[in-house]
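Visitor: Could you take me through one part of this model closely, namely the salt bridges, and tell me where the paired side chains sit and how far they are covered?

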Amino acid sequence: HTAQRGRMLYVPRIWPDLGGPKVLGTMQILTLVLCSCSGKRSTLPWDLPANSSWEHQGGLVFIHTESSLYSLPCSPIEMEVAHPTYRWVQDRAASRLFSVTKEGHLLFQHFQAGDSGNYSCTISYMKHGVPVSQTFHYSIFGYHVLGGLDAVLLFHSKLCEDERTKRFLRDLQNKLRQLEIKQHCKLHLTATFCFPSLNKPSDDFIVQVQLEASPFGPHWDEHCNSQDVETVTDCYRKTVRHNLGQVQLALTRFFKEHKSFHVTGPDIPSSNFTNEFVGFLKTKQCSGGYGQTKQLQRCLDCCIVCPPGMSSPPKASQCSPCPVGTYSPIYGVAFCTPCKDSMITRVPGSRSMTDCVKKERTKQAVSVVHRIPALILFMLPALLALNFLFILSSCYWFYREYRVSSPRASKITGRTTRMEMVTSFFRIPGQGPQAGPDAGPASDTSDGDTSASQGGNEEPTDGAPSPAMTSNLAAVTDETTPVLTQDRKDSF
């Protein structure tokens with residue numbers, strides 16, 4: 001297919017050709033001289049290894065969607081070898097049958113987005129009795145030029161029932177099939193609406209039907225057979241514009257000829273759907289699973305198929321990575337596939353179902369969040385009780401500190417301390433009922449005190465002061481600390 005062969009990317013020939021007699025002769029002489037000088041056994045240049053193989057990158061290949069026929073050669077350059085064999089493989093796990101010509105060309109008929117991927121072709125042959133193989137790798141992407149047509153149709157009906165409307169839409173699609181084949185296009189019913197009419201809301205309803213026309217029908221590119229890459233792209237653009245114009249005229253003529261559609265059946269009453277309006281809108285948007293990039297330099301406004309891990313909804317202009325929790329294993333996906341229940345992906349742009357992992361931690365976090373209100377209700381009384389006890393304890397300690405730090409309390413505390421100091425200085429015994437084995441001197445003192453109270457002229461003993469001295473001491477306690485210090489010096 002010479003028309004398609006001109007679209008391929010070519011790479012220089014990098015493998016050696018050992019068939020020339022001059023090259024072989026020169027190499028033979030050099031080998032013999034070097035080996036004789038080194039003392040090693042001579043080896044001839046045609047002592048090649050048992051098997052020789054090379055790997056080559058064939059480059060990027062772009063094939064237009066719904067191409068009638070595309071022929072991809074195994075090698076991007078002309079190779080003249082004897083009795084070659086060709087083997088094509090794809091990077092997918094599932095096996096697939098390929099249509100390969102005897103020249104080793106891979107054929108694509110009505111190329112689809114899912115046909116995109118990485119392909120490899122291995123050419124094997126014999127050279128000087130040695131098996132040789134060369135493998136060429138290609139990355140194939142589907143694309144399409146911009147262009148589309150949206151049609152809006154309005155029909156009047158006496159009833160608005162789902163079953164009756166479905167029967168009408170099936171009949172409409174069947175009648176449009178012949179128009180698709182003749183105009184090399186595809187017509188899709190995208191949406192339907194049924195609502196009451198403004199003139200007669202009770203017994204008149206309007207059924208709105210939306211059609212989407214694609215210019216890439218069967219044999220749409222039959223006139224584009226140029227060998228030049230730029231010329232064939234321009235041919236695609238012109239063909240799309242021409243086909244869309246012809247589709248618009250054909251639809252307008254069709255609904256003029258088919259003004260009314262009669263629907264009947266054994267399970268539904270007969271009714272008519274009368275066409276009242278036909279409107280068209282030309283669009284330039286990418287199809288679902290396609291997005292605009294700069295990879296295709298010869299057609300920057302074309303839409304290229306989204307690779308695995310990315311998606312693009314209908315009429316979007318860019319391919320986006322699959323969100324977390326979804327994946328896309330193939331080319332040309334409009335919506336990514338969600339993971340199974342209790343599964344999630346760690347990062348966006350996942351390409352395989354194996355990227356989905358269990359979200360146990362996420363479930364645990366959600367369960368904790370749901371339990372937080374119950375925990376708060378359960379712990380609220382305990383928290384209120386702890387706060388109440390804390391306030392009471394704070395008030396109690398504050399009261400004690402205030403009482404100790406007040407002037408009256410300080411005065412009472414100081415007076416009590418000075419009394420204890422004076423009592424201990426003059427060895428005044430404490431009053432109390434305690435009596436023990438060491439209470440002998442206390443008993444003597446008591447006796448002395450009794451005799452002193454009975455005999456007023458007798459001198460008191462050293463161990464116990466007289467009542468007069470006791471009252472003096474009581475008076476001294478009301479004095480300041482320097483007075484007590486002075487009395488202590490006098491007593492000494």
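Guide: A residue is called buried when its relative accessible area is under 20%, exposed when that value is over 50%, and partly exposed in between. The model is a predicted one, and with that cut-off in hand we can begin with Glu66, which has a relative accessibility of 7% and therefore counts as buried. The side chain of Glu66 meets that of Lys186 in a salt bridge, with 3.0 Å from N to O. This pair links distant parts of the chain, since Glu66 lies in the loop between strand S1 (52-64) and strand S2 (70-72), while Lys186 belongs to strand S9 (residues 186-196), 120 residues apart. Lys186, for its part, is partly exposed, with a relative accessible area of 29%.

As a general point, side chains of opposite charge can pair when their charged atoms come close. By the rule used here, four salt bridges are counted, and another of them joins the side chains of Lys315 and Asp150, at 2.9 Å from N to O. Lys315 is found in the loop between strand S15 (310-311) and strand S16 (320-321), whereas Asp150 is in strand S8 (residues 148-157), so this pair ties together parts that are 165 residues apart in sequence. Here the acidic partner, Asp150, is buried at a relative accessible area of 15%, and Lys315 is partly exposed at 41%.

The salt bridge between Asp234 and Arg237 has its closest N and O atoms 3.4 Å apart, and its setting is a single element: both residues lie in helix H4 (residues 229-257), three residues apart, which is about one turn of the helix. Asp234 is partly exposed, with a relative accessibility of 36%, and Arg237 is likewise partly exposed, at 23%. These two residues do not stand by themselves, for Asp234, Arg237 and Asp301 are linked in a network of salt bridges.

To set these pairs in the chain as a whole, there are nine helices and 20 strands, and buried residues make up 31% of the 492 residues. Among the contacts with a separation of 6 or more, residues 24 or more positions apart account for 64%, and the Glu66 and Lys186 pair, 120 residues apart, is one example of a link between distant parts of the chain.

Key:
Residues numbered from 1 in each chain as written. Predicted model: local features only at pLDDT ≥ 70, side-chain atom pairs only at ≥ 80, totals over all residues. Heavy atoms only, no water. Helix = DSSP H or I, 4+ residues; strand = E, 2+ residues; numbered from the N terminus. Buried < 20%, exposed > 50% of the residue type's maximum accessible area, 1.4 Å probe, protein only. Contact = heavy atoms within 4.5 Å.
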